[in-house]
Each structure stands twice: as C-alpha cells, then as structure tokens.
Amino acid sequence: MWKIVGLQWVVGSLVCLLMLLVSVHHAQSALWGLASVAVPSTLFAVRLALGSKTPMGGTFVFLAGEFLKVAATVLIMFVASRIDPHLVWWSLVLTAVATLKSYFLAFFLR
C-alpha cells in the first residue's frame, strides 16, 4: 500500500517537472492535479493502516474511505478552479490521471 502511495507522489512529481518545461502555469496546474489525487490517497492509506477492530468495521472504513477519497479529489479540483486564475485544466487532468494510474507501474515493478 505504501509503495503505491509513494509511487503516486513520484510519478505526479515527475509529470509536474515535465510540465515545467511547457510553462509555469502548466506546472502549477499539474501540482493541483498531483495534490487532488495523492493527498486523499495518502490520508486513506493512513486510515487503513490504523485499521479497525472488527471485520465489519474494516469494511465500513474501506467503503467510507473510498467515498471520502473521491469527494476530496473533487473538492480539491473545485478549490483549484476558484483559487488559481491561470489554471490549465488539461495539465491538471493529465497529472491526476498519471498519478492515479501509477499503480500499474507498481504492478510491473513488483
């Protein structure tokens, strides 16, 4: 679990650095994309690591955590659209997708 979360931060950071080659605005938007995926995933992993005392409680923690992770991602993207006047959506979405799908890389590095 921690390997995947760490890989999300690494892949997202690399995409942000690549966006810096395009422009500063693209890199800032890419940072929003990284934050919108990696921060909720990290918090979700921390909550799962804390665990639950019962199997039913663990299931509830997982399902509620997944829902909150998606809600936090949407909320961060909404906040980004309100705060950053130079937001480049395709940079944000590209970075978010690359960060989110980095678990494929973890599967092959296994």
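**Close-up views of a five-helix chain**

**View 1. Threonine 73, a buried spot in α3.** With a relative accessibility of 17%, threonine 73 counts as buried, since anything under 20% falls in that class. This is a predicted model, so treat each view here as a look at a prediction. Threonine 73 sits in helix α3. Setting aside neighbours within four places in sequence, threonine 73 is in contact with Ser36 and Pro40.

**View 2. The whole chain, before zooming in further.** What does the secondary structure come to? The chain has five helices and zero strands, and from the N terminus on its elements read α-α-α-α-α. Along the principal axes, the C-alpha atoms fill a box of roughly 50 × 35 × 15 Å. Of the 110 residues, 35% are buried. If you take the contacts with a separation of 6 or more, 76% of them link residues 24 or more positions apart.

**View 3. α1 alongside α2.** Helices α1 and α2 pack at an angle of about 175°, and their axes are 8 Å apart. Angles over 145 degrees count as roughly antiparallel, so that is how α1 and α2 lie to each other. Sorted by class, the residues of the contact of α1 with α2 come out as 17 nonpolar, six polar and no charged.

**View 4. The largest nonpolar core.** Which residues build the largest nonpolar core? There are seven of them: Val15, Cys16, Met19, Ala27, Ala30, Leu34 and Ala38. Helix α1, covering 2–20, and helix α2 each supply at least two residues of this core. The largest share is from α2, which puts in four residues. Apart from this core lies another one, of six residues, including Val37, Ala80, Leu87 and Leu92. As a bit of background, nonpolar side chains tend to be buried together in soluble globular proteins.

**View 5. Cysteine 16 and its company.** Cysteine 16 is one of the residues of the largest nonpolar core. Not counting residues up to four places away in sequence, cysteine 16 touches Ala27, Ala30, Leu31, Leu34 and Thr95. Among these partners, Ala27, Ala30 and Leu34 also belong to the largest nonpolar core.

**View 6. α1 against α4.** How far apart are the axes of α1 and α4? They are 8 Å apart, and the two helices pack at an angle of about 150°. That angle makes α1 and α4 roughly antiparallel to each other. The way α1 passes α4 is a right-handed crossing. On the α1 side, the contact is made by Gln8, Val11, Gly12, Val15, Cys16 and Met19, while α4 brings Trp90, Ser91, Leu94, Thr95, Ala98, Thr99 and Leu100. By class, the contact of α1 with α4 has eight nonpolar residues, five polar ones and no charged ones.

**View 7. α2 against α4.** Here helix α2 (residues 24–50) and helix α4 (residues 89–100) pack at an angle of about 40°, with their axes 7 Å apart. Are α2 and α4 parallel or oblique to each other? They are oblique, because roughly parallel is kept for angles under 35 degrees. The crossing of α2 and α4 is right-handed. From α2, the residues His26, Ser29, Ala30, Trp32, Gly33, Leu34, Ser36, Val37 and Ala38 meet a set in α4: Trp90, Ser91, Leu92, Thr95, Ala96, Thr99 and Leu100. The residues of this contact divide into nine nonpolar, seven polar and no charged.

**View 8. Leucine 100, in helix α4.** Leucine 100 has its place in helix α4. Is leucine 100 buried or partly exposed? Its relative accessible area is 39%, so leucine 100 is partly exposed. Leave aside the neighbours within four places in sequence, and leucine 100 is in contact with Gln8 and Val37. Leucine 100 and valine 11 are 89 residues apart along the chain, yet 9.2 Å separates their C-alpha atoms.

**View 9. Glycine 58, in helix α3.** Glycine 58 is found in helix α3, which covers residues 55–83. At 27% relative accessibility, glycine 58 counts as partly exposed. Its C-alpha atom is separated by 8.2 Å from that of leucine 48, and the two residues are 10 residues apart along the chain.

Technical notes. Residues numbered from 1 in each chain as written. Predicted model: local features only at pLDDT ≥ 70, side-chain atom pairs only at ≥ 80, totals over all residues. Heavy atoms only, no water. Axes fitted to C-alpha atoms, helices over the stretch in contact; angles between N-to-C directions. Parallel < 35°, antiparallel > 145°, perpendicular 65-115°, else oblique. Left-handed = near helix turned anticlockwise from the far one by under 90°. Contact = heavy atoms within 4.5 Å. Nonpolar A, V, L, I, M, F, W, Y, C, P; charged D, E, K, R; others polar. Core = buried A, V, L, I, M, F, W, Y, C linked by side-chain atoms within 4.5 Å. Buried < 20%, exposed > 50% of the residue type's maximum accessible area, 1.4 Å probe, protein only.
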